[in-house]
Amino acid sequence: MRIFSGIQPTGRKHLGNYLGAIRGYVEGQERGEGIYCIVDLHALTAGPDPNELRRSVYDTAAILIAAGLDPERCILFRQSDVREHTELCWLLCNVASFGELSRMTQFKEKSEQHRQFVSSGLFFYPVLQAADILAYQTDEVPVGEDQKQHIELTREIAQRFNSRFGQTFALPVHRIPPVGARIMDLQDPRKRMSTTASTEQGAVYILDDAAIIRRKFKGAVTDSGKEIVRGADKPGISNLIDIAAAARGVPPEAIEKEFADAAGYGSFKEAVGEAVVELLRPVRERYEQIRPDEEAVDALLSRGADKARAIASPTVAVAREQMGIGPVRPR
Ligand code: ATP
Ligand code: MG
(Lines give C-alpha, C1' and ligand atoms only; values in the text may rest on other atoms or scores of the structure.)
(Ligands and ions follow the chains in the order given, each with its own letter.)
Protein backbone atom coordinates (compact mmCIF):
# COMPACT_ATOMS: atom_id res chain seq x y z
CA MET A 1 0.00 0.00 0.00
CA ARG A 2 1.64 3.20 -1.14
CA ILE A 3 0.34 6.48 0.23
CA PHE A 4 1.33 9.82 -1.25
CA SER A 5 0.37 13.38 -0.41
CA GLY A 6 1.71 16.88 -0.97
CA ILE A 7 1.32 19.94 1.20
CA GLN A 8 2.16 23.56 0.45
CA PRO A 9 5.00 25.13 2.45
CA THR A 10 3.92 27.73 5.00
CA GLY A 11 4.28 28.23 8.74
CA ARG A 12 0.59 28.98 8.77
CA LYS A 13 -0.80 25.49 8.48
CA HIS A 14 -4.31 25.53 9.90
CA LEU A 15 -6.72 23.22 11.68
CA GLY A 16 -8.30 22.16 8.36
CA ASN A 17 -4.89 21.07 7.04
CA TYR A 18 -4.28 19.18 10.28
CA LEU A 19 -7.62 17.34 10.47
CA GLY A 20 -8.18 16.94 6.72
CA ALA A 21 -4.69 15.86 5.73
CA ILE A 22 -1.79 15.80 8.22
CA ARG A 23 -3.46 13.39 10.65
CA GLY A 24 -4.08 11.05 7.74
CA TYR A 25 -0.36 11.17 6.88
CA VAL A 26 0.59 10.09 10.37
CA GLU A 27 -1.93 7.27 10.26
CA GLY A 28 -0.68 6.33 6.77
CA GLN A 29 2.73 5.48 8.21
CA GLU A 30 1.04 2.65 10.12
CA ARG A 31 -0.84 1.26 7.15
CA GLY A 32 1.72 1.41 4.42
CA GLU A 33 4.58 3.22 2.77
CA GLY A 34 3.93 6.93 3.30
CA ILE A 35 5.53 9.41 0.88
CA TYR A 36 5.00 13.05 1.82
CA CYS A 37 6.15 15.99 -0.17
CA ILE A 38 6.42 19.69 0.67
CA VAL A 39 5.33 21.23 -2.60
CA ASP A 40 7.44 24.37 -2.99
CA LEU A 41 6.99 24.26 -6.78
CA HIS A 42 3.22 24.44 -6.34
CA ALA A 43 3.70 27.36 -3.95
CA LEU A 44 5.39 29.36 -6.73
CA THR A 45 1.98 29.75 -8.37
CA ALA A 46 1.03 32.26 -5.66
CA GLY A 47 4.13 34.42 -6.33
CA PRO A 48 5.73 34.20 -2.85
CA ASP A 49 8.75 36.15 -1.66
CA PRO A 50 11.79 33.91 -2.44
CA ASN A 51 13.35 34.02 1.04
CA GLU A 52 10.00 33.51 2.68
CA LEU A 53 9.33 30.50 0.43
CA ARG A 54 12.70 28.93 1.26
CA ARG A 55 12.13 29.35 5.01
CA SER A 56 8.56 28.13 4.91
CA VAL A 57 9.72 24.70 3.75
CA TYR A 58 11.48 24.30 7.12
CA ASP A 59 8.40 25.55 8.94
CA THR A 60 6.24 22.93 7.25
CA ALA A 61 8.76 20.13 7.69
CA ALA A 62 8.97 20.94 11.41
CA ILE A 63 5.17 21.02 11.72
CA LEU A 64 4.85 17.64 10.00
CA ILE A 65 7.48 16.01 12.20
CA ALA A 66 5.95 17.62 15.28
CA ALA A 67 2.57 16.20 14.24
CA GLY A 68 4.04 12.70 14.23
CA LEU A 69 5.73 12.02 10.91
CA ASP A 70 8.79 9.92 11.56
CA PRO A 71 11.40 10.27 8.81
CA GLU A 72 12.61 6.76 9.72
CA ARG A 73 9.22 5.30 8.89
CA CYS A 74 8.09 7.45 5.98
CA ILE A 75 9.62 9.49 3.17
CA LEU A 76 9.48 13.24 3.73
CA PHE A 77 11.03 15.52 1.12
CA ARG A 78 11.02 18.83 -0.73
CA GLN A 79 9.30 18.60 -4.11
CA SER A 80 11.91 20.67 -5.97
CA ASP A 81 14.68 18.28 -4.86
CA VAL A 82 13.24 15.58 -7.10
CA ARG A 83 13.40 16.89 -10.67
CA GLU A 84 11.31 13.97 -11.91
CA HIS A 85 8.18 15.85 -10.82
CA THR A 86 8.74 18.72 -13.25
CA GLU A 87 9.73 16.44 -16.08
CA LEU A 88 6.68 14.24 -15.68
CA CYS A 89 4.51 17.34 -15.39
CA TRP A 90 5.52 18.39 -18.89
CA LEU A 91 4.89 14.94 -20.31
CA LEU A 92 1.43 14.88 -18.71
CA CYS A 93 0.57 18.39 -19.93
CA ASN A 94 0.25 16.77 -23.32
CA VAL A 95 -2.31 14.30 -22.03
CA ALA A 96 -4.42 16.83 -20.10
CA SER A 97 -6.67 19.05 -22.17
CA PHE A 98 -6.95 22.81 -21.99
CA GLY A 99 -10.71 22.41 -21.54
CA GLU A 100 -10.51 20.14 -18.50
CA LEU A 101 -7.91 22.33 -16.80
CA SER A 102 -10.14 25.36 -17.43
CA ARG A 103 -12.94 23.61 -15.53
CA MET A 104 -10.95 23.15 -12.30
CA THR A 105 -12.74 25.07 -9.55
CA GLN A 106 -9.50 25.72 -7.64
CA PHE A 107 -8.10 27.44 -10.74
CA LYS A 108 -11.23 29.54 -11.10
CA GLU A 109 -11.24 30.52 -7.43
CA LYS A 110 -7.54 31.29 -7.23
CA SER A 111 -7.50 33.26 -10.45
CA GLU A 112 -10.17 35.46 -8.85
CA GLN A 113 -7.89 35.98 -5.83
CA HIS A 114 -4.84 36.84 -7.96
CA ARG A 115 -6.75 38.94 -10.45
CA GLN A 116 -3.84 41.29 -11.29
CA PHE A 117 -1.58 38.45 -12.50
CA VAL A 118 -2.86 34.95 -13.14
CA SER A 119 0.23 32.87 -13.91
CA SER A 120 0.04 29.95 -16.29
CA GLY A 121 1.64 27.97 -13.43
CA LEU A 122 -1.68 28.30 -11.63
CA PHE A 123 -3.39 26.81 -14.66
CA PHE A 124 -1.01 23.82 -14.77
CA TYR A 125 -1.08 23.29 -10.98
CA PRO A 126 -3.32 20.19 -11.24
CA VAL A 127 -1.01 18.60 -13.82
CA LEU A 128 2.00 19.01 -11.54
CA GLN A 129 -0.12 17.50 -8.78
CA ALA A 130 -0.98 14.55 -11.04
CA ALA A 131 2.74 14.13 -11.77
CA ASP A 132 3.53 14.15 -8.02
CA ILE A 133 1.04 11.37 -7.40
CA LEU A 134 1.58 9.24 -10.50
CA ALA A 135 5.39 9.23 -10.31
CA TYR A 136 5.12 7.01 -7.21
CA GLN A 137 2.60 4.41 -8.42
CA THR A 138 0.41 5.69 -5.61
CA ASP A 139 -2.51 3.66 -4.26
CA GLU A 140 -4.00 6.23 -1.90
CA VAL A 141 -3.95 10.00 -1.59
CA PRO A 142 -4.98 11.38 1.82
CA VAL A 143 -6.08 14.97 1.11
CA GLY A 144 -9.05 17.12 2.07
CA GLU A 145 -12.41 17.12 0.36
CA ASP A 146 -11.50 20.25 -1.64
CA GLN A 147 -9.03 18.14 -3.66
CA LYS A 148 -11.65 15.70 -4.99
CA GLN A 149 -11.74 17.24 -8.46
CA HIS A 150 -7.94 17.19 -8.75
CA ILE A 151 -7.75 13.52 -7.77
CA GLU A 152 -10.42 12.68 -10.33
CA LEU A 153 -8.41 14.55 -12.95
CA THR A 154 -5.28 12.63 -11.91
CA ARG A 155 -7.11 9.35 -12.48
CA GLU A 156 -8.41 10.58 -15.82
CA ILE A 157 -4.89 11.58 -16.94
CA ALA A 158 -3.47 8.22 -15.81
CA GLN A 159 -6.15 6.26 -17.63
CA ARG A 160 -5.74 8.28 -20.80
CA PHE A 161 -1.96 7.88 -20.70
CA ASN A 162 -2.20 4.14 -20.07
CA SER A 163 -4.63 3.56 -22.92
CA ARG A 164 -2.73 5.73 -25.37
CA PHE A 165 0.84 4.67 -24.56
CA GLY A 166 0.53 1.40 -22.64
CA GLN A 167 0.18 0.56 -18.94
CA THR A 168 2.44 2.94 -16.99
CA PHE A 169 0.64 4.40 -13.98
CA ALA A 170 -1.36 2.94 -11.09
CA LEU A 171 -4.78 4.53 -10.49
CA PRO A 172 -4.82 6.25 -7.10
CA VAL A 173 -7.87 6.60 -4.84
CA HIS A 174 -8.79 9.62 -2.75
CA ARG A 175 -8.86 8.94 0.97
CA ILE A 176 -10.65 11.39 3.24
CA PRO A 177 -11.12 11.19 7.00
CA PRO A 178 -14.66 10.34 8.25
CA VAL A 179 -14.87 13.71 10.07
CA GLY A 180 -12.74 16.76 9.31
CA ALA A 181 -12.38 16.42 5.53
CA ARG A 182 -13.79 19.92 5.12
CA ILE A 183 -13.32 22.28 8.07
CA MET A 184 -15.06 25.59 7.56
CA ASP A 185 -13.95 29.14 8.30
CA LEU A 186 -14.91 30.24 11.85
CA GLN A 187 -16.06 33.66 10.66
CA ASP A 188 -17.73 32.53 7.46
CA PRO A 189 -18.78 28.90 7.92
CA ARG A 190 -20.08 28.61 4.37
CA LYS A 191 -16.46 28.84 3.15
CA ARG A 192 -13.61 26.40 3.61
CA MET A 193 -10.93 27.31 6.16
CA SER A 194 -8.07 28.22 3.84
CA THR A 195 -4.49 29.46 4.02
CA THR A 196 -5.00 32.07 1.36
CA ALA A 197 -8.69 32.96 1.59
CA SER A 198 -9.41 32.96 5.35
CA THR A 199 -9.00 35.98 7.61
CA GLU A 200 -6.85 35.84 10.74
CA GLN A 201 -9.93 35.27 12.94
CA GLY A 202 -11.50 32.79 10.53
CA ALA A 203 -8.64 30.28 10.65
CA VAL A 204 -7.03 28.50 13.61
CA TYR A 205 -3.36 27.90 12.99
CA ILE A 206 -1.50 24.87 14.32
CA LEU A 207 1.07 27.24 15.84
CA ASP A 208 -1.45 29.57 17.50
CA ASP A 209 -1.03 29.67 21.29
CA ALA A 210 -3.78 28.54 23.64
CA ALA A 211 -5.10 32.05 24.40
CA ILE A 212 -5.48 32.87 20.71
CA ILE A 213 -7.21 29.58 19.97
CA ARG A 214 -9.68 30.14 22.82
CA ARG A 215 -10.37 33.66 21.60
CA LYS A 216 -10.99 32.54 18.03
CA PHE A 217 -13.51 29.91 19.13
CA LYS A 218 -15.23 32.35 21.47
CA GLY A 219 -15.67 34.69 18.51
CA ALA A 220 -16.78 31.96 16.08
CA VAL A 221 -19.89 32.89 14.11
CA THR A 222 -22.88 30.74 15.05
CA ASP A 223 -26.42 30.50 13.79
CA SER A 224 -29.79 31.53 15.12
CA GLY A 225 -31.43 29.17 17.62
CA LYS A 226 -29.91 27.46 20.63
CA GLU A 227 -29.76 23.79 19.79
CA ILE A 228 -26.45 22.03 19.28
CA VAL A 229 -27.31 19.86 16.29
CA ARG A 230 -26.00 19.65 12.76
CA GLY A 231 -28.10 20.84 9.85
CA ALA A 232 -27.87 22.57 6.48
CA ASP A 233 -29.34 25.73 8.02
CA LYS A 234 -26.73 25.68 10.82
CA PRO A 235 -23.33 25.86 9.10
CA GLY A 236 -21.59 27.49 12.08
CA ILE A 237 -22.71 24.99 14.71
CA SER A 238 -22.32 22.05 12.32
CA ASN A 239 -18.71 23.05 11.75
CA LEU A 240 -18.02 23.38 15.50
CA ILE A 241 -19.58 19.96 16.12
CA ASP A 242 -17.38 18.42 13.43
CA ILE A 243 -14.29 20.12 14.85
CA ALA A 244 -15.06 18.89 18.37
CA ALA A 245 -15.71 15.36 17.08
CA ALA A 246 -12.52 15.26 15.02
CA ALA A 247 -10.44 16.78 17.82
CA ARG A 248 -11.69 14.30 20.41
CA GLY A 249 -11.85 11.32 18.04
CA VAL A 250 -15.56 10.60 18.55
CA PRO A 251 -18.49 10.63 16.10
CA PRO A 252 -20.39 13.94 15.73
CA GLU A 253 -23.52 12.30 17.20
CA ALA A 254 -21.65 11.84 20.48
CA ILE A 255 -20.97 15.59 20.63
CA GLU A 256 -24.62 16.41 19.90
CA LYS A 257 -25.67 14.07 22.68
CA GLU A 258 -23.16 15.43 25.17
CA PHE A 259 -24.31 19.03 24.60
CA ALA A 260 -28.04 18.30 24.20
CA ASP A 261 -28.84 20.12 27.45
CA ALA A 262 -26.32 22.95 27.09
CA ALA A 263 -27.68 26.33 28.13
CA GLY A 264 -26.52 28.05 24.94
CA TYR A 265 -23.77 28.34 22.42
CA GLY A 266 -21.29 30.10 24.73
CA SER A 267 -20.25 27.13 26.85
CA PHE A 268 -20.20 24.84 23.80
CA LYS A 269 -17.85 27.15 21.94
CA GLU A 270 -15.57 27.18 24.98
CA ALA A 271 -15.53 23.40 25.10
CA VAL A 272 -14.66 23.15 21.41
CA GLY A 273 -11.86 25.68 21.88
CA GLU A 274 -10.51 23.64 24.78
CA ALA A 275 -10.56 20.41 22.77
CA VAL A 276 -8.56 22.11 20.00
CA VAL A 277 -6.09 23.62 22.47
CA GLU A 278 -5.41 20.13 23.85
CA LEU A 279 -5.16 18.65 20.34
CA LEU A 280 -2.62 21.17 19.08
CA ARG A 281 -0.60 21.84 22.24
CA PRO A 282 1.83 18.91 21.89
CA VAL A 283 2.36 19.68 18.20
CA ARG A 284 3.27 23.29 18.92
CA GLU A 285 5.59 22.25 21.77
CA ARG A 286 7.47 19.75 19.62
CA TYR A 287 7.63 22.28 16.78
CA GLU A 288 9.48 24.74 19.02
CA GLN A 289 12.15 22.09 19.61
CA ILE A 290 12.51 20.94 16.01
CA ARG A 291 12.30 24.17 13.98
CA PRO A 292 15.52 25.92 15.12
CA ASP A 293 17.84 23.20 13.81
CA GLU A 294 17.64 23.89 10.06
CA GLU A 295 20.68 21.76 9.31
CA ALA A 296 19.07 18.71 10.84
CA VAL A 297 15.84 19.36 8.94
CA ASP A 298 17.81 19.83 5.72
CA ALA A 299 19.65 16.57 6.23
CA LEU A 300 16.49 14.58 6.64
CA LEU A 301 14.74 16.27 3.71
CA SER A 302 17.70 15.45 1.54
CA ARG A 303 17.73 11.80 2.63
CA GLY A 304 14.01 11.76 1.90
CA ALA A 305 14.63 13.18 -1.59
CA ASP A 306 17.16 10.43 -2.35
CA LYS A 307 14.64 7.77 -1.42
CA ALA A 308 11.86 9.50 -3.35
CA ARG A 309 13.98 9.87 -6.48
CA ALA A 310 14.84 6.18 -6.45
CA ILE A 311 11.11 5.39 -6.59
CA ALA A 312 10.01 8.08 -9.06
CA SER A 313 12.79 7.84 -11.58
CA PRO A 314 12.03 4.38 -13.08
CA THR A 315 8.38 5.35 -13.65
CA VAL A 316 9.32 8.63 -15.30
CA ALA A 317 11.84 6.77 -17.49
CA VAL A 318 9.06 4.43 -18.64
CA ALA A 319 6.73 7.37 -19.35
CA ARG A 320 9.44 9.06 -21.46
CA GLU A 321 10.09 5.93 -23.42
CA GLN A 322 6.41 5.18 -24.02
CA MET A 323 5.99 8.70 -25.42
CA GLY A 324 8.98 8.46 -27.74
CA ILE A 325 11.37 10.72 -25.84
CA GLY A 326 15.07 9.86 -26.05
CA PRO A 327 17.26 7.86 -28.43
CA VAL A 328 16.12 4.70 -30.22
CA ARG A 329 18.25 2.58 -27.90
CA PRO A 330 17.80 3.97 -24.39
CA ARG A 331 21.18 4.51 -22.73
P1 ATP B 1 -4.81 27.24 -0.16
O2 ATP B 1 -6.09 27.80 0.36
O3 ATP B 1 -3.79 28.27 -0.51
O4 ATP B 1 -5.00 26.23 -1.26
P5 ATP B 1 -4.79 25.25 1.81
O6 ATP B 1 -5.28 25.77 3.10
O7 ATP B 1 -5.74 24.50 0.95
O8 ATP B 1 -4.15 26.45 1.02
P9 ATP B 1 -2.85 23.24 1.12
O10 ATP B 1 -1.42 23.11 1.45
O11 ATP B 1 -3.25 23.56 -0.30
O12 ATP B 1 -3.50 24.35 2.08
O13 ATP B 1 -3.60 21.91 1.53
C14 ATP B 1 -3.00 20.92 2.33
C15 ATP B 1 -4.00 19.85 2.62
O16 ATP B 1 -5.02 20.34 3.51
C17 ATP B 1 -4.75 19.35 1.39
O18 ATP B 1 -4.83 17.95 1.49
C19 ATP B 1 -6.11 19.96 1.50
O20 ATP B 1 -7.11 19.16 0.88
C21 ATP B 1 -6.30 20.00 3.00
N22 ATP B 1 -7.22 21.06 3.41
C23 ATP B 1 -7.12 22.37 3.10
N24 ATP B 1 -8.10 23.06 3.67
C25 ATP B 1 -8.87 22.17 4.36
C26 ATP B 1 -10.03 22.28 5.17
N27 ATP B 1 -10.60 23.46 5.37
N28 ATP B 1 -10.55 21.16 5.74
C29 ATP B 1 -9.95 19.95 5.53
N30 ATP B 1 -8.85 19.78 4.78
C31 ATP B 1 -8.30 20.87 4.19
MG1 MG C 1 -5.16 24.08 -1.13
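**Ligand 1 and H150: the reasoning behind the words**

In this predicted model, the space taken by ligand 1 is the largest pocket.

Reader: Happy to start there! Which residues come nearest to ligand 1?
Author: There are 22 residues around ligand 1, and H14, K110, D146, S194 and T195 come nearest. Helix α1, residues 15-31, gives the most to this shell, with four residues.

Reader: What makes the pair formed by ligand 1 and the side chain of T195 a polar contact?
Author: An oxygen atom of ligand 1 is 2.6 Å from an N or O atom in that side chain of T195. The cut-off for a pair of N or O atoms is 3.5 Å, so the pair qualifies. Backbone atoms take part too: a polar one of Q8 is 3.0 Å from an oxygen atom of ligand 1, and a polar one of M193 is 2.9 Å from a nitrogen atom of the ligand. The protein covers 97% of the 590 Å² of accessible area that ligand 1 has on its own.

Reader: Let's turn to H150. Where does H150 lie, and why is H150 called buried?
Author: H150 lies in helix α8, which spans residues 148-165. Its relative accessible area is 3%. Buried means under 20%, so H150 earns the word.

Reader: What does H150 touch, leaving aside its neighbours within four places in sequence?
Author: H150 is in contact with M104, Q106, Y125, P126 and Q129.

Reader: And what joins the side chains of H150 and Q147?
Author: A polar contact of 2.9 Å does, and that value sits within the 3.5 Å limit.

Methods: Residues are numbered from 1 along each chain as its sequence is written. Chains are lettered from A and ligands numbered from 1 in the order in which they are written. This is a predicted model: local features need pLDDT of at least 70, side-chain atom pairs count only at pLDDT 80 or more; totals for chains, interfaces and linings use all residues. Side-chain values use heavy atoms; hydrogens and water are left out. Helices (H or I, at least four residues) and strands (E, at least two) are DSSP runs, numbered from the N terminus. Buried means under 20% relative accessible area, exposed over 50%, partly exposed in between (1.4 Å probe, protein chains only). A polar contact is a pair of N or O atoms within 3.5 Å; within protein, one must be able to donate a hydrogen and the other to accept it, and residues adjacent in sequence count only if both atoms are side-chain atoms. Contact means heavy atoms within 4.5 Å. A residue is near a molecule or strand if one of its heavy atoms lies within 4 Å of it. Accessible areas come from the Shrake-Rupley method with a 1.4 Å probe; for residues, only the protein chains shown count as cover. On a 1 Å grid over the protein atoms alone, a cavity is a set of points where a 1.4 Å probe fits but cannot get out, and a pocket is an open set with protein on both sides within 12 Å along at least five of seven lines; lining residues have an atom within 4 Å of a point. A molecule sits in a cavity or pocket if more than half of its atoms lie within 2 Å of its grid points.
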